[in-house]
Amino acid sequence: MSSDAAKADRIRELMATEGDSVAANTRGFNEGRIESTGRLADYEELKDEARAIKEDAIGRLPELIDEVRESVEANGGTVYLADDAADANRYITELTAEERDADRLVKSKSMTSEEIEVNEALAEAGVEVVETDLGEWVLQLADEAPSHIVAPAIHKSREGISELFAERFDLDDPPETAEELTVFARERLGDLIEDADVGMTGANFIAADSGTMLLVTSEGNARKTVTATDTHVAVAGVEKLVPTVEDFSPFVELIGRSGTGQDVTSYISTLTPPVDSPVPDFADDERPLADDSDGDASADPDRDFHLVLIDNGRMAMRDDEELKETLYCIRCSACSNACGNFQSVGGHAFGGETYSGGIATGWEAGIEGIDVAAEFNDLCTGCSRCVPACPVGIDIPWINTVVRDRVNRGEVDSRQTDWLFEELVPDEEPAGLDLGTRVVGNYETVAKLGSLTAPIANRLADASPLRALAERVTGIDRRRDLPEFASEPLVDWFERRGGAAVPADEASREAVLYPDTATNYVDVDRGKAAVRALEALGVHVRIPDLPGSGRPPLSQGMVSTARAAAEDAYAGLAPHVDAGRDVVVIEPSDLAMFRSEYERLLPERSFERLADASYDAMEYCFGLLENGGDPAALRAPAEGTGPVASGERVAYHPHCQARTIGVGEHATAVMERLGYDVRVSETECCGMAGSFGYKTDYYELSMDVGEPLREQFGDTARTVVASGTSCGEQLDALLGSSPMHPVELIAPRE
Amino acid sequence: MSLADRSTFKRRLDALGVTVTEGPPSACAELIDEAAGDPAVGVALADESDDPADATVALPDRIETDPTTADLRAAHTGVTAAELGVAAYGSVAIEADRAGTEPVSLFVDRHVVVLREADLVPDMPDAFEWLGPRTRDESVDVVFATGPSATADMGGLVRGAHGPKEVHVVLLRDEETADKEVTADE
């Protein structure tokens, strides 16, 4: 992660030029998704159903390819299975330019066709290609790439489109309003569609049983593209196959809602081509439209259909246990819209050759190669807000972690000798891994050393010449305050105070308070507050000396190091779990390890035992209160008026990963039960995302991602609380005051 | 089809900006005449009634049911049947055929779509249960159209992109259901 000035400059430029437009659109889509999926009573069941269909389909893909070939051929169409982009383009150009001698091909929107760059291949063969989706047409005129997989031109403003039309069509009085621009485009494109020879579409899904393809559209251009031309070429990745037409149903209910927040788009076309419509003869338009000359109800005999199925790396992805899940992607764009970084920069920064957003890492790694994915993979911070948004439940952060791990291993440069660091850090990574990645990845060791040598370490860390040096060597931005290490770790404090204040035989429950690295070495106060809160509710608390969870190395793609840490942490916790003790965690990113990522790092039974026994500190307090705990033992807002009562009003930012694992709202419930007036942030992630915002390449981006939080909480007199350490640092930077953990708010005073 | 489905369907269409008029099959021509602009083209409606005593559903005379491509180009309104309605979404299923239902519903400013109440199903899974066998046995091409065509690509939401700007649903009430309702009211 050491500084890449060119990349950082590019991100700054995109934030300045396209950021506002992208942010307004993606945040609108994201809010729409939350509302629209919220109206579905069986949302989770539909997602499970969709996931199961994809797992089954990808599992027996070769069989489905054979079946669809038979179905399409029985309908009178042709199937071509293309190994790669060149193979597909050769077939399509031969068909279009040679067999059909076509002058013009009209296209509806298809990301797969962009992946294979068929437009360029057709143009070389002398065929004019016209994109008929209004957004794609704008980009074709502007010679720009899509910035979003569903709404390709969201980076362009209305004014920008008007100027573009004026320039391209030499207009003195160009259309200006959205309506005028649409009418202008519709008329231009209408004429171009009428004279076209070949129509090309993508396909969102294809049913193997009948050869029926499903297209999700709103403008009507795909319908016109197919109807107005006698030759239909559909380009689709092999992963679009599902077994039956009935399998389309959950996807139809989910895809629009998940993407742009529409319950369903205007048109869901289910075509079993060649289609039955007559081919309108626009050149000789006095002829009757209807064609019943042969008295047949089936497809028009003049129509021809070619399904070009694209492999282009997909069958290899299917054999790759980690990348395989990418093939379940239905390209809805939910992961882009839910992503804080994407909202700020869009797909021109957070994307590869074709695809953009979090899932693009999987697509680009599988299709283009690891080096293309490596260029933007850093922008996934692992905040995990895309995970519940994904309609097929893809663990997108995990795909990004795995690809980062492969990048780390691929980037090993044997000439680099960081023997000093090699001695110092206990990681399992290859020598030569860049130093910034290692500093963050070995944060536990750094924190332990920092705590041992505090306050000297803290003073040195703040000394500006050293910060400048550190920025150059590790890529940690000098504008960030570094964590200040406590001289007495939480574990030592607990031992010094004599351990538990509530004896085990008098306790309602027994709990291990997990000394996560941030709480143990940096923010010891919230650990002490958690002890007070739990003991006030009658819990026998223990704080054993336990190793870190492995979150920092995992965030850097250091999977082996993270796995070793997970094994150590589990080994330390297992006897406590066996003894029937609950595991209470303060830092949400560590709890998310236990409840989510450990599924990938530990044997299934170990994962399940620890996940079932683990609780977020506020979730645990919530549970204790629900089970008869006395709320009067905790701290209610201060009585009275004026400044004394100001603590009653709280602004709370739940941690991104806490939201994903479903423990973001317990703090709200507990605070409200105690009488606090809580305003909860609507921002998916604060932008700091662990170590991301510390990196000098991403400092401005990180601050921009946090901007909605500043807007929502910036001029509030409310007491700001946040559960994540890095959220706290970010809120401090955004609001100028350091928030406390909710448990510090509700714990009885010392 | 239940009363709840019909009211859900109408509520969804209303939210989509789609006008609905309804009446018995005998009022079909009149309802279409009120809904259609001028000039109008259409595809003749199949009379699916088993009972010859039922009124024959028909288009008004002014609708050109054997249009040329030039007529289609010039048309303001296109009138077609829908095979199915999906109550939960306000969608209508338009089936492509050799008579030109797809282009007549598409290359016009206003689409007037005629749906029998009996063809209304509650939700999307019902629609695909209906569609599945028909794709396998008859290779049908069906578009589930929900409201007018739309785009958000030009810097704001615009109704009326490549397809129709307006949609009007003529809902033909089932005489039997109407009778039952009367009974239920008593």
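**Exercise 1. Determine how β2(B) and strand β3 (residues 77-81) of chain B pair, and place the pair in its sheet.**

Solution. In this predicted model, β2(B) and β3(B) run in the parallel sense and are joined over 3 bridges. To fix the register, take B:A40, which stands opposite B:T77 in β3(B).

Next, extend the view to the whole sheet. It is an open sheet of 5 strands in chain B, ordered β1-β11-β6-β3-β2, with parallel pairing. β1 (19-23) and β2 (40-42) of chain B each have a single partner strand, so they form the edges and one side of each lacks a neighbour in the sheet. From one strand to the next, the twist averages 20°.

Finally, add the helix that covers these strands. Helix α2 (residues 28-35) of chain B lies across β1, β3, β6 (110-116) and β11 (166-172) of chain B, and runs at about 165° to β11(B).

**Exercise 2. Locate the cis peptide bonds at B:P39 and A:P274, and the positive phi of A:E117.**

Solution. Begin with chain B, where a cis peptide bond with omega of about -10° joins B:D38 and B:P39. B:P39 belongs to the loop between α2 and β2 of chain B.

In chain A, the cis bond is between A:P273 and A:P274, with omega of about 0°. A:P274 is found in the loop between β9 and β10 (304-310) of chain A.

The last item is A:E117, a residue other than glycine whose phi is positive, near 55°. Its loop is the one between α6 (111-115) and α7 (118-124) of chain A.

**Exercise 3. Describe the packing of helix α3 (residues 43-59) on helix α12 (residues 248-259) in chain A.**

Solution. Two quantities describe such a pair: the angle between the helix axes and the distance between them. For α3(A) and α12(A), the angle is about 120° and the axes are 9 Å apart. The two helices are therefore oblique to each other. Their crossing is left-handed.

The contact itself brings A:L46, A:K47, A:E49 and A:A50 of α3(A) against A:P250, A:F251, A:E253 and A:L254 of α12(A). By class, the residues of this contact comprise 5 nonpolar and 3 charged, with no polar ones.

**Exercise 4. Characterise the side of chain B that touches chain A, and identify a pair of strands that joins the two chains.**

Solution. First, count the participants: 47 residues of chain B and 59 residues of chain A take part in the contact. On the chain B side, two or more residues come from each of α3 (69-74), α4 (101-106), α5 (124-138), β8 (142-145) and β9 (150-151) of chain B. Among these, α5(B) contributes the most, with 8 residues. The composition of this side is 23 nonpolar, 15 polar and 9 charged residues.

Second, examine the strands. Strand β9 (residues 267-271) of chain A pairs with β8(B) in the antiparallel sense over 4 bridges. At one position, A:Y267 has B:A145 as its bridge partner in β8(B).

**Exercise 5. Assess the confidence of the prediction for the complex and for chain B.**

Solution. For the complex, the predictor gives an ipTM of 0.94 and a pTM of 0.92. Chain B has a mean pLDDT of 90, and 88% of its residues reach 70 or more. Residues 181-186 of chain B, however, have pLDDT below 50, and beyond near neighbours in sequence this stretch makes 0 contacts in the model. Predicted coordinates should not be read in detail where pLDDT is low.

Note on methods:
Residues numbered from 1 in each chain as written. Chains lettered and ligands numbered in written order. Predicted model: local features only at pLDDT ≥ 70, side-chain atom pairs only at ≥ 80, totals over all residues. Contact = placed C-beta atoms within 7 Å. Nonpolar A, V, L, I, M, F, W, Y, C, P; charged D, E, K, R; others polar. Pairing = 2+ DSSP bridges. Axes fitted to C-alpha atoms, helices over the stretch in contact; angles between N-to-C directions. Parallel < 35°, antiparallel > 145°, perpendicular 65-115°, else oblique. Left-handed = near helix turned anticlockwise from the far one by under 90°. pLDDT = per-residue confidence, 0-100.
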